[in-house]
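Got the viewer open? Let's take a walk through this one, stop by stop, with something to select at each.

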Amino acid sequence: MPVQRFAPMTKNFATFDCDAHVTEPPLIWERAHEFLTRDELDALKQTIWWDADSRLLIVNGRAGIGLGSPRTGGIPGTMRVITNAGPGVKHDIQRALNVRNLDSKTALTQDQVAYLDHAGSYEPKPRLKDMDVQGIDQVMIIPTEIDIYPWLENALGAKAFCRAYNEWAYEYTLADPERLFFAALIPMQHPDYAVAEVRRVAALGCRVALVRPMDAFGNYPLQPKYEPVWDALEETGMVYGMHPFPAFGSLKPSGYSEQYSGAELIRKTVATAGLPHTFLTNVQNFQAEAALWVSLVLMSGFFDRHPKINAAVFEASSTWLSFLIDECDKAYRLYRNERQLPPLKRLPSETFALHCMTGFEGDEAPPARLPEFYGDILAWSSDVYHHDGDDAWRAIETMQKYSLPVEDQAKFLGGNARRLYKVQAPAKIIRDRVTEIERPDWWPTEEEVRASLRPEAAVTRS
């Protein structure tokens, strides 16, 4: 069998992956009746339901919505981008396999796609094994179908789904509570339901309440109706987990035009301009959502009103943050006398440093170059098992390239996140990189990978 090899590496600190993904399995719906009332179960069936016969997710009465998270086992001839990035499945390997799929004669078979559909995305024991290879000592799991949940129109159905998901996620973490943690979905469709779920999951030991930058239906966090939700976060000590979403808009009700998110406007521009580039559709839209939220909470005095809340900005990279915060400080200094809101107690940059952290991924170089800025506000995200995910060793390689001191590496890759979440490092940590992984006979060779990286490899010819 071929062997995939990696350069030896060691580390002497525990990593914490603050944003990695699970794919929501059919088990969530199969066991929902164990946790819900009859009315809640009926509402769940009408709002968001996995149909096992058709293998389709039905949302707000529409079938085939979402990224297909509950589908397990893969589909022949495709790369399942939400479960691909397991141990050693680097971007060049994915490229080679995608090039194969351009030709029906070499397209991936069912057995091959099943091998690449990493079970750790929906089962904890395989994930723990993968983490050992990836150098990930602890992880905060986050669901994949982020684009769906804000659009659930039935508030009771949203409440039911959040509970069904959170029960499954909590059980997932019980496989190793020292290493596995979950961010809870919160039904922001109704503040009373949101408050109840915050308190319920906090009692289970959950550290993070997962909320969008702004609700799909124009419900920004500054609206007075959400004050009880923020009060509940303060009372429980849960972290406000701000996670952007792609804003596909496929569930947006016809005729609704009161509010667009930054991500949705970017997607509309991409579609109408004919520029389907992933930088715009899968990078800049997330950054736009996060930047809007950061500006909103810093400039409005959100943290002055809720001084006990801490927040994490997930999956939006970090390179834009220094510029944005600097601009917020400048704007506040220039226009503070014209301000209609109460004066801020401190500059926006000081507030962010006191209350917030931002996620970053292992291929981002700026944090390693600017430790004096990022020192206490950075928390590493692998984004595993999504196609752009990578392991802790990749992050360490990037930091070593720019000579970042080990003390800062330890903070960025785990120490800051544990301080935010108030958790201890595991008793036993991963110290040495696994340097060899046995692969099946069909695994891409180095020659095939090199050939696939040429631009012309992705061009099909009839």
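Start by selecting Y226 and W230: both are buried, meaning under 20% relative accessible area with a 1.4 Å probe and protein chains only (over 50% is exposed, in between is partly exposed). Before going on, note that this is a predicted model, where local features need pLDDT of at least 70 and side-chain atom pairs count only at pLDDT 80 or more, while totals for chains, interfaces and linings use all residues. Residues are numbered from 1 along each chain as its sequence is written, and side-chain values use heavy atoms, with hydrogens and water left out.

**Stop 1: the rings**

Stay on that pair and show the side chains. The ring centres of Y226 and W230 are 6.3 Å apart with planes at 50°, so this pair is tilted. Here, rings of Phe, Tyr and Trp (its six-membered ring) pair if their centres lie within 6.5 Å; planes under 30 degrees apart are stacked, over 60 edge-to-face, and the rest tilted. Now add Y240, W293, F302 and F303 to the selection: ring pairs link these with Y226 and W230 into a cluster. By the ring-pair rule, the count comes to 18 aromatic pairs.

For another example, jump to W442 and W443. Their centres are 5.8 Å apart and their planes at 50°, so they are tilted too. Both W442 and W443 are buried. Add R439, which lies over the face of W443 at 4.1 Å from the ring centre. A charge sits over a ring if NZ of Lys or CZ of Arg is within 6 Å of the ring centre and within 35 degrees of the ring normal. K11 does this as well: its charged end is over the ring of F13, 5.9 Å from the centre.

**Stop 2: helix α8**

Select residues 227-236, which make up helix α8. Helices (H or I, at least four residues) and strands (E, at least two) are DSSP runs, numbered from the N terminus. Which residues of α8 are buried? Colour V229, W230, A232, L233 and E234. These buried residues pack against α7 (191-203), β8 (208-211), β9 (239-242) and α11 (302-305). Just after the helix, check G237, whose phi is positive, near 80°.

Now bring in α7. Its axis is 9 Å from that of α8, at an angle of about 10°; axes are lines fitted to C-alpha atoms, for helices over the stretch in contact, and angles run from 0 to 180 degrees between N-to-C directions. The two helices are therefore roughly parallel, the label for angles under 35 degrees (over 145 is roughly antiparallel, 65 to 115 roughly perpendicular, and the rest oblique). To see the meeting point, show P191, A194, V195, V198, R199 and A202 in α7 facing P228, V229, A232, L233, E235 and T236 in α8; contact means heavy atoms within 4.5 Å.

**Stop 3: the sheet**

Switch to cartoon view. An open sheet of 8 strands runs in the order β2-β6-β7-β8-β9-β10-β11-β12, with parallel pairing. Two strands pair if DSSP finds at least two bridges between them. β2 and β12 (378-381) stand at the edges with a single partner strand each, so one side of each has no neighbour in the sheet. From one strand to the next, the twist averages 30°.

Zoom in on β2 (residues 16-21): 6 of its 6 residues are buried, so it is largely enclosed by the rest of the structure. It runs parallel to β6 (residues 138-142), joined by 4 bridges, and F16 has Q138 as its bridge partner.

What covers the faces of β6? Q138, M140 and I142 on one side and V139 and I141 on the other are all buried. On its way to β7 (residues 180-185), β6 makes 3 bridges in the parallel sense, and I141 is partnered with F182.

Further along, β9 and β10 (residues 311-313) pair in the parallel sense over 3 bridges, with M242 opposite V313. Helix α13 (residues 348-355) lies across β10 and β11 (356-361), at about 75° to β11.

**Last stop: R418**

Finish on R418, in helix α17 (residues 406-421). At 12% relative accessibility, R418 counts as buried. Leaving aside neighbours within four places in sequence, R418 is in contact with A14, T15, F16, Q138, V423, Q424 and A425.
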